[in-house]
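These are reading notes for someone opening this entry for the first time. Please keep the sequence and the structure beside the text while going through the points.

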2 protein chains.
Amino acid sequence: MTFSPAAPRVTLLAGGVGGARLAHGLALALPDGGAEHLTAVVNVGDDTERHGLLVSPDLDTVMYTLAGANDEERGWGLQGETYATLEQLARLGEDTWFTLGDKDLATHVVRTAALRDGEPLSAVTTRLAAALGVRARLLPVTDDRLRTLVDTPSGRVAFQEYFVRRRHADAVLGLAFDGAATSRPAPGVLDAVAGADVLVVAPSNPFLSVEPVLAVPGVRDAVRASSARRVAVSPIVGGQAIKGPAAQILETLGHEVSALGVARLYAGLVDVMVVDDADAALADPIREIGLDVVVTDTIMGDPAGRERLARAVLAAVGHPVP
Amino acid sequence: MTFSPAAPRVTLLAGGVGGARLAHGLALALPDGGAEHLTAVVNVGDDTERHGLLVSPDLDTVMYTLAGANDEERGWGLQGETYATLEQLARLGEDTWFTLGDKDLATHVVRTAALRDGEPLSAVTTRLAAALGVRARLLPVTDDRLRTLVDTPSGRVAFQEYFVRRRHADAVLGLAFDGAATSRPAPGVLDAVAGADVLVVAPSNPFLSVEPVLAVPGVRDAVRASSARRVAVSPIVGGQAIKGPAAQILETLGHEVSALGVARLYAGLVDVMVVDDADAALADPIREIGLDVVVTDTIMGDPAGRERLARAVLAAVGHPVP
């Protein structure tokens with residue numbers, strides 16, 4: 001609980017699995033599980049309503065992972081889940097293509113009830129994270145409604161329609177962030193960006209996870225203006241995404257499918273790119289566009305691997321932790 | 001599905017377990033599971049919000065029992081329930097004194113979402129009952145909010161606070177039906193009462209289950225005016241309630257704790273009282289207040305016992321079924 005002056009204040013911009021794993025690594029590397037030192041600002045563009053309940057997949061993935069309670073095999077949801085409610089929902093005629101476990105449902109039930117009672121998303125998130133034993137601070141980028149919409153060859157669809165129902169098989173022709181223009185950063189977000197010693201862009205999907213965070217008015221400018229050392233970890237390794245459709249989306253949107261392509265997207269927003277050993281050859285081309293580069297093993301499997309990457313990221317920006 | 005002219009159209013006014021069991025017996029006795037012949041008009045005064053979800057205990061007990069899916073041992077809830085969501089809700093800081101199973105939660109989730117979308121309670125009830133295979137018609141007495149409040153020595157409390165949380169241990173000094181005065185009968189209720197050949201008051205708690213049904217403006221008058229043969233089954237057998245606090249409530253509200261006490265409450269509303277063999281001695285006193293009496297075994301254990309009582313009730317009002 002005590003603030004450790006030796007450790008940096010770290011703010012992470014995060015989406016789902018990649019963001020969750022790096023958040024976990026940072027929580028392990030920083031004092032006291034990241035309490036007082038780590039703030040994760042999380043995408044809410046993936047949020048959706050299912051069966052009348054608000055589901056916040058990215059927030060929950062980060063929260064469950066920080067709590068050590070997530071299902072490591074799938075990367076999302078809680079360990080040891082059962083599906084009795086979902087099976088009964090199907091019997092009652094509900095469309096159950098979006099998998100919700102019984103324990104996971106408790107999160108959505110509490111959150112939905114809180115929001116209907118007027119509690120902001122950030123406040124109920126703080127409450128839920130504390131109940132699960134999370135020490136780091138977890139913030140939705142906004143308390144307002146922001147929804148990612150995906151333009152596909154068959155038209156514009158809601159994010160989870162694209163991502164889960166259609167298993168991200170459609171070509172992504174464009175993205176829109178419904179509500180972003182009028183959204184406001186959640187309390188604490190701008191301060192966390194401005195006041196950090198280190199600002200980390202997680203190895204999350206640049207378009208689906210990071211862009212909707214930056215699209216909240218004020219956030220991109222705060223990142224640009226921040227005096228923090230700013231570092232991004234490439235989600236593309238050896239020309240492929242670790243998980244999810246980042247590679248396809250880079251391609252259909254006309255970007256190079258590589259850590260260099262990602263670096264070009266983040267030029268002006270970060271000072272340092274962390275790329276995988278497999279992409280050592282891209283270090284010079286990335287330096288040519290004005291970014292420092294650190295090459296390391298970026299694959300985060302178990303908690304030890306996450307902590308290792310977190311330590312490498314902090315060291316890359318001159319804030320090694322003991 | 002075909003209307004059988006030989007079978008009567010039966011409308012049952014029902015609360016929870018007693019109402020559910022007699023509804024089940026009637027569904028077994030009438031053609032085609034009660035389709036076209038049986039309407040259960042059910043109390044909603046027990047309804048409550050838990051974790052932001054609308055729970056309708058009496059409707060669900062009748063629905064689950066008619067579906068053959070209820071937990072017979074407890075009398076409420078579904079068979080083979082698990083409690084993963086409830087346990088997680090407790091971990092998240094929720095007060096979980098009201099037990100909700102994982103499968104049962106699906107009902108509340110669907111109902112709550114439907115109501116928030118503007119679907120009336122009666123419509124979503126029809127949909128849920130059909131999904132569970134219920135053939136009889138199930139109607140909440142009203143689509144409007146009606147909540148039973150209980151006056152106890154320590155003040156007025158919500159019904160489930162009295163009934164579940166405090167295990168109906170308080171003396172009931174009075175009852176109020178919040179919202180009743182401005183509520184309207186759900187579509188079909190008055191027609192079901194007026195157009196029935198047989199109107200049955202279930203062996204439910206007269207104060208907690210039947211009175212809030214009659215308290216919806218128009219319902220009591222429709223019962224009084226109905227040309228149906230009207231029959232009530234006493235929930236008091238040998239001076240005791242089969243289940244629940246009916247006996248204590250009769251006593252604290254100044255009524256005789258017997259089938260005769262119940263008959264006095266229903267005088268003017270029904271033509272025939274069905275009392276248990278144990279109360280044969282009360283037949284003459286009940287006749288003296290102007291009601292016909294049929295003495296039979298009113299204990300409904302298994303489905304066969306329910307059907308037997310249902311047949312006795314229909315025969316008691318001159319509508320025996322083959």
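1. Chain A contains 13 helices and 14 strands. Its radius of gyration is 19 Å, close to the 20 Å that the globule rule gives for 322 residues, so chain A is as compact as a globular protein of that length. Please bear in mind throughout that this is a predicted model.

2. On overall dimensions, the C-alpha trace of chain A spans about 60 × 50 × 35 Å along its principal axes. Of the 322 residues in chain A, 58% count as buried. Among contacts in chain A between residues at least 6 apart in sequence, 68% join residues at least 24 apart.

3. How much area do chain A and chain B bury between them? The figure is about 2000 Å², and 71% of this area lies on carbon and sulfur atoms. The size of an interface is often given in this way, as the accessible area lost when the parts come together. The contact is made by 24 residues from chain A and 25 residues from chain B. On the chain A side, Gln88(A), Leu92(A) and Val109(A) supply 26% of the area that chain A buries against chain B, more than any other three residues.

4. The polar side of this interface can be stated briefly. The rule finds zero salt bridges across the interface of chain A and chain B. It does find two residue pairs in polar contact there, both at pLDDT 80 or more.

5. Which helices of chain A each supply at least two residues of the side that touches chain B? They are helix H3 (84–91), helix H4 (102–116) and helix H5 (121–131). H4(A) gives the largest share of that side, with nine residues. By residue class, the side of chain A that touches chain B divides into 13 nonpolar, six polar and five charged residues.

6. One residue of chain B to look up here is Thr107(B), which lies in helix H4 (residues 102–116) of chain B. Is Thr107(B) buried or exposed? Its relative accessibility is 0%, so Thr107(B) counts as buried, the cut-off being under 20%. Leaving aside residues up to four places away in sequence, Thr107(B) touches Leu92(A) from the other chain, and Asp60(B), Met63(B), Tyr64(B) and Leu128(B) from its own. Leu92(A) has already appeared above as one of the three residues that supply 26% of the area chain A buries against chain B.

7. Two backbone angles deserve a check. Most residues other than glycine have a negative phi. His168(A) has a positive value, with phi near 35 degrees. His168(A) sits in the loop between helix H6 (159–165) and strand E8 (174–178) of chain A, and at 24% relative accessibility it counts as partly exposed.

8. The second angle is in chain B, where phi of Arg167(B) is near 50 degrees, again a positive value in a residue other than glycine. Arg167(B) is found in the loop between helix H6 (159–165) and strand E8 (174–178) of chain B. With a relative accessible area of 67%, Arg167(B) is exposed.

9. How many salt bridges does a search of the whole structure find over all chains? The search gives 38. One of them joins Arg145(A) to Glu49(A), with the closest N and O atoms 3.6 Å apart. This pair links distant parts of the chain, 96 residues apart: Arg145(A) is in the loop between strand E5 (137–140) and strand E6 (147–152) of chain A, while Glu49(A) is in strand E3 (residues 48–50) of chain A. Glu49(A) counts as partly exposed, at 37% relative accessibility.

10. Two further salt bridges are in chain B. Glu119(B) and Arg127(B) meet through their side chains at 2.9 Å, N to O. Glu119(B) is partly exposed at 24% relative accessible area, and Arg127(B) is partly exposed at 34%. In the other pair, Glu211(B) and Arg220(B), the closest N and O atoms are 2.6 Å apart. Glu211(B) has a relative accessible area of 25% and is partly exposed; Arg220(B), at 24%, also counts as partly exposed. Back in chain A, salt bridges that share partners join Glu49(A), Arg145(A) and Arg147(A) into one network.

Definitions and conventions
Residues numbered from 1 in each chain as written. Chains lettered and ligands numbered in written order. Predicted model: local features only at pLDDT ≥ 70, side-chain atom pairs only at ≥ 80, totals over all residues. Heavy atoms only, no water. Contact = heavy atoms within 4.5 Å. Buried area = accessible area lost by both parts, 1.4 Å probe. Salt bridge = Lys/Arg side-chain N within 4 Å of Asp/Glu carboxyl O. Polar contact = N/O pair within 3.5 Å; in protein donor to acceptor, adjacent residues only side chain to side chain. Helix = DSSP H or I, 4+ residues; strand = E, 2+ residues; numbered from the N terminus. Nonpolar A, V, L, I, M, F, W, Y, C, P; charged D, E, K, R; others polar. Rg over C-alpha atoms; globule rule 2.2 N^0.38 Å. Buried < 20%, exposed > 50% of the residue type's maximum accessible area, 1.4 Å probe, protein only.
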